[in-house]
Amino acid sequence: MKTFSRSGLISIILFYLTHPHIDHTRGVSVILKAPYVIKNVVTNGLEKGSGKSGQIALHRLAQENEDKIGLEAIKTNRIGATGFTNTVADPITCPGGTEPKITVLWGQSVSTPTGWNQSDFVNPNNHSLVIRVDYGKASFLITGDLEDKAQHSLVTKYGSSPLLDADVYLVGHHGSKNGSSQELIDKITPKMALIGCGQPSREYMWTAWAYGHPNKGILQRLENKITLAREPIDIQAGDGAHKFSDYTETKAIYATGWDGNVVLEATADGKWQNVNEITEPVSNLINMNSADQAQLETLPGIGEVRAKAIVDYRKQHEPFTKIDDLRNVHGFGTNL
Ligand SMILES: [Zn+2]
């Protein structure tokens, strides 16, 4: 949530980080710099995982500016039967209007929940913050990258309350096959779903392509519950790692990998709409032979040094014809 001030600074009133994995922390370095000014930071406090440096940097910023920045690192022992909230987790006020209400339902687990084994416990995904937003009758649920067993713990804790029932579900774990259990979807009964994933054409590590996101079986599971329709869109659905097939989505499931930027709007009486509804998948493929350095830097795993190395390499060699050609660029080696 951000607001603009006359000084040109952009206030980020509230910054949530569900868990410290790199696909969730890559943006941290951007918002730590001007023109952004952060007012409140909420994390699960788990300082390990591939994105721990981003989370540690956020914590440090908040601790060094404790008079200006609210910080909460939420562990499950602070989350009661109705969830956790306070003025840091929910600093949003709307004078004269309906107040949005933000509640945290899950966080870093302090002891091993029933049914988890050691590998479940050491997996940062299972300690993701679960965040619920209510705005009048409209509601939104975010489950981070919680996997099946942690979802079972969540359903066990809240299943007899209405806290998991939401209009819009930000689909767990980017649409992974372990991110949306049937029992969880049965509790959410979403009207709409939103998937944060990339395009299958981005053939790199740590991408939708690498894992087959979103999984076709999960799309079908969601479709059985979702009540609203969308303008049909022909997309690629995941059958497994690196495997996709043609699929037509007709239910109100939106994904950043097909829809680009998705803007969902709700009214306080619970009516939702996607203000950017499209019928053709977006394409923002980056051409390795023509992209400039700034475009290359937006790719996962490619910072300033590697982007410059690609540009330099292109000046001296033939155009790239396949992804393996990148191995010849200084600084890449076999680490692709
Ligand atoms: Zn993730």
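**Figure 1. The six-stranded open sheet of the predicted model.** In this predicted model, six strands form an open sheet in the order S7-S8-S9-S10-S11-S14, and their pairing is mixed. The edges are taken by strand S7 (100-106) and strand S14 (253-255); each has a single partner strand, so one side of each is left without a neighbour in the sheet. From one strand to the next, the twist averages 15°. Strands of a sheet pair through backbone hydrogen bonds, in either the parallel or the antiparallel sense.

**Figure 2. Pairing of S8 with S9.** Strand S8 (residues 130-135) and strand S9 (residues 138-142) run antiparallel and are joined by five bridges. One of the residue pairs to look for is aspartate 134 with serine 139, its bridge partner in S9. Serine 139 also serves as a reference point for tyrosine 169: the two are 30 residues apart in sequence, and their C-alpha atoms are 8.8 Å apart in space.

**Figure 3. Surroundings of tyrosine 169.** Tyrosine 169 belongs to strand S10 (residues 168-170). Because 27 other C-beta atoms lie within 10 Å, tyrosine 169 is buried. When neighbours within four places in sequence are left aside, the contacts of tyrosine 169 are Leu141, Ile188, Pro190 and Ala193. Ala193 appears again in the next view, as one of the residues that touch the most other members of the largest nonpolar core.

**Figure 4. The largest nonpolar core and valine 130.** The largest nonpolar core holds 56 residues, and those touching the most other members are Val104, Val130, Ala193 and Ile253. Both domain 1 (1-73) and domain 2 (74-274) contribute at least three residues to this core. In soluble globular proteins, nonpolar side chains tend to be buried together. Around valine 130, and not counting residues up to four places away in sequence, the residues touched are Val104, Leu105, Trp106, Ile142, Thr143, Gly144, Leu146 and Leu154.

**Figure 5. The three-stranded parallel sheet and helix H3.** A second view of strand pairing shows an open sheet of three strands, ordered S3-S5-S6, with parallel pairing. Strand S3 (15-16) and S6 are at the edges; each has a single partner strand, so one side of each is left without a neighbour in the sheet. Helix H3 (residues 52-64) packs on this sheet and touches S5 and S6, and the direction of H3 makes about 140° with that of S5.

**Figure 6. Residue partners along S5.** S3 and S5 run parallel and are joined by two bridges, whereas S5 and S6 pair in the parallel sense over four bridges. Valine 42 has a partner on either hand: tyrosine 16 has valine 42 as its bridge partner in S5, and valine 42 in turn has glutamate 72 as its bridge partner in S6. Asparagine 40 stands opposite glycine 70 in S6. The residues of S5 point in two directions, with Asn40 and Val42 one way and Val41 and Thr43 the other way, and all are buried.

**Figure 7. Valine 37 in S4.** Valine 37 lies in strand S4 (residues 36-38). Valine 37 counts as partly exposed because it has 18 C-beta neighbours inside 10 Å, where 20 or more would make a residue buried. Apart from neighbours within four places in sequence, valine 37 is in contact with Leu9, Ile10, Ser11 and Ile12. Valine 37 and serine 176 are 139 residues apart in sequence, with a C-alpha to C-alpha separation of 33 Å.

**Figure 8. Where domain 1 meets domain 2.** The domain assignment of the protein divides it into domain 1 (1-73), domain 2 (74-274) and domain 3 (293-328). Taken over C-alpha atoms, the centres of domain 1 and domain 2 are separated by 21 Å. On the domain 1 side, 22 residues are in contact with 17 residues of domain 2. Helix H1 (22-25), strand S5 (40-43) and strand S6 (70-73) are the elements that give two or more residues to this side of domain 1. S6 gives the most, with four residues. By residue type, the side of domain 1 that touches domain 2 consists of ten nonpolar, eight polar and four charged residues.

Notes
Residues are numbered from 1 along each chain as its sequence is written. This is a predicted model: local features need pLDDT of at least 70, side-chain atom pairs count only at pLDDT 80 or more; totals for chains, interfaces and linings use all residues. Domain bounds come from an automatic or database domain assignment. Two residues are in contact if their C-beta atoms, placed from the backbone, lie within 7 Å. Ala, Val, Leu, Ile, Met, Phe, Trp, Tyr, Cys and Pro count as nonpolar, Asp, Glu, Lys and Arg as charged, and the others, Gly among them, as polar. A nonpolar core is a set of buried Ala, Val, Leu, Ile, Met, Phe, Trp, Tyr and Cys residues joined through C-beta atoms within 7 Å. A residue is buried if 20 or more other C-beta atoms lie within 10 Å of its own, exposed if 12 or fewer, and partly exposed in between; C-beta atoms are placed from the backbone. Two strands pair if DSSP finds at least two bridges between them. Axes are lines fitted to C-alpha atoms, for helices over the stretch in contact, and angles run from 0 to 180 degrees between N-to-C directions.
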